[in-house]
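Please look over the sequence and the three-dimensional structure below before reading on. The briefing that follows takes up aromatic rings, strands and salt bridges in turn.

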Amino acid sequence: MTQDILHRYLFDNADVRGEMVQLQDSYQQVISAQQYPPVLQILLGELMAATSLLTATLKFSGDISVQLQGNGPVSLAVINGNNRQELRGVARWNDELADDASLADLFGQGYMVITLTPEEGERYQGVVALDKPTLAACVEEYFNQSEQLPTGIWLFADGKQAAGMFLQILPSQKEDNIEFEHLSQLTSTVKAEELFTLDAESVLHRLYHQEEVRLFEPINVSFKCTCSFERSASAIKTLAQAEIETILAEDGKIEMGCEYCHANYTFDAIDIATLFANGQTSTTQQ
């Protein structure tokens, strides 16, 4: 089974659309960048699945950021993605975390910020409190506030794989949500093990074998970091000259590390001089 893939589907006899995402390699690349505690590995997996599902709803080319912040021991967890289903993410924490810590335990008084940045058009940002027991419930609340369409989200992660499912009612002339509620009840029976081991056809058949489901071509999901020599050089150029000289005097070099992929870019005195002389550098990646 392909492990990093998103499927979209529609129900022919109901005004409801669905999505299903399964992640493995991209998930591993995100959580291997740092020594995350198990509870953060799970949270980042759920956040990756949620971001992928959200990205699949975009009707434009551009970027999406799903960011969790709070005043608890975890100050930040964020997944960035785009319409090509290229994801990266990172989390920051400052204390030991219990394996069974809840969202409230992790973030204290927290909130989720979802930022949509189209290549053309205006940027949109939505904010919801992290006051639900699960990340999935918080994402559902975002849809309730931003689109006001009944939406269901189911998220799973175990440190090895991550997965998620999404249901949303389509705008229609009907005044009731009976079909959506029925399909949500069916979807809520899905088990993590099924999403981790079965292909989309098998999962959908198990859940909706009495429904008429139209499955579309799958979309590959991948990890992609946007760090580069050029971006690191640009960051150095924002530092004060005195600060740069102090670092070079003490360390003999300036190192720029990427939180997302753990790449390390090293600049020596000659690189810095060249950078400020003509905006170019011969830096090396370690």
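Which residues form one aromatic cluster? Tyr9, Phe11 and Tyr208 do so, and they are a useful place to begin reading this predicted model. Local features are reported here where pLDDT is at least 70 and side-chain atom pairs only at pLDDT 80 or more, whereas totals for chains, interfaces and linings use all residues. Residues are numbered from 1 along each chain as its sequence is written, and side-chain values use heavy atoms, with hydrogens and water left out.

**Aromatic pairs**

- A search of the whole structure finds six aromatic pairs, where rings of Phe, Tyr and Trp (its six-membered ring) pair if their centres lie within 6.5 Å, and planes under 30 degrees apart count as stacked, over 60 as edge-to-face and the rest as tilted.
- One of these pairs is formed by Tyr9 and Phe11, whose rings are edge-to-face, with 5.7 Å from centre to centre and 80° between the planes.
- Tyr9 also forms an aromatic pair with Tyr208, and this one is tilted, at 5.9 Å centre to centre and 45° between the planes.
- The pair of Tyr9 and Tyr208 links distant parts of the chain, since Tyr9 lies in strand S1 (residues 5–11) and Tyr208 in helix H7 (residues 200–208), 199 residues apart; helices (H or I, at least four residues) and strands (E, at least two) are DSSP runs, numbered from the N terminus.
- Tyr9 and Phe11 are buried, and Tyr208 is buried as well, where buried means under 20% relative accessible area, exposed over 50% and partly exposed in between, with a 1.4 Å probe and protein chains only.

**Strand S5 and its partners**

- Strand S5 (residues 86–93) is largely enclosed by the rest of the structure, because six of its eight residues are buried.
- Six bridges join S5 to strand S4 (residues 74–82), and the two run antiparallel; two strands pair if DSSP finds at least two bridges between them.
- Within this pairing of S4 and S5, Asn80 stands opposite Arg88 in S5.
- S4 and S5 form a hairpin with three residues between them, and Gln85 in the turn has a positive phi of about 60°.
- S5 is also joined by two bridges to strand S12 (residues 222–223), and these strands run parallel, with Leu87 opposite Phe223 in S12.

**Salt bridges**

- The structure holds three salt bridges, each being a side-chain nitrogen of Lys or Arg within 4 Å of a carboxyl oxygen of Asp or Glu.
- The side chains of Arg214 and Asp12 meet in one of them, at 2.9 Å from N to O.
- This pair links distant parts of the chain, with Arg214 in strand S10 (residues 213–215) and Asp12 in the loop between S1 and strand S2 (16–23), 202 residues apart.
- Arg214 counts as partly exposed at 41% relative accessibility, and Asp12 is partly exposed with a relative accessible area of 39%.
- Arg84 and Glu86 meet through their side chains in a salt bridge of 3.3 Å, N to O; Arg84 is partly exposed at 47% relative accessibility, whereas Glu86 is buried at 16%.
- In the salt bridge of Glu194 with Arg206, the closest N and O atoms are 2.6 Å apart.
- Because Glu194 lies in helix H6 (residues 192–197) and Arg206 in helix H7, the pair ties together parts that are twelve residues apart in sequence.
- Glu194 counts as buried at 14% relative accessibility, whereas Arg206 is partly exposed with a relative accessible area of 31%.
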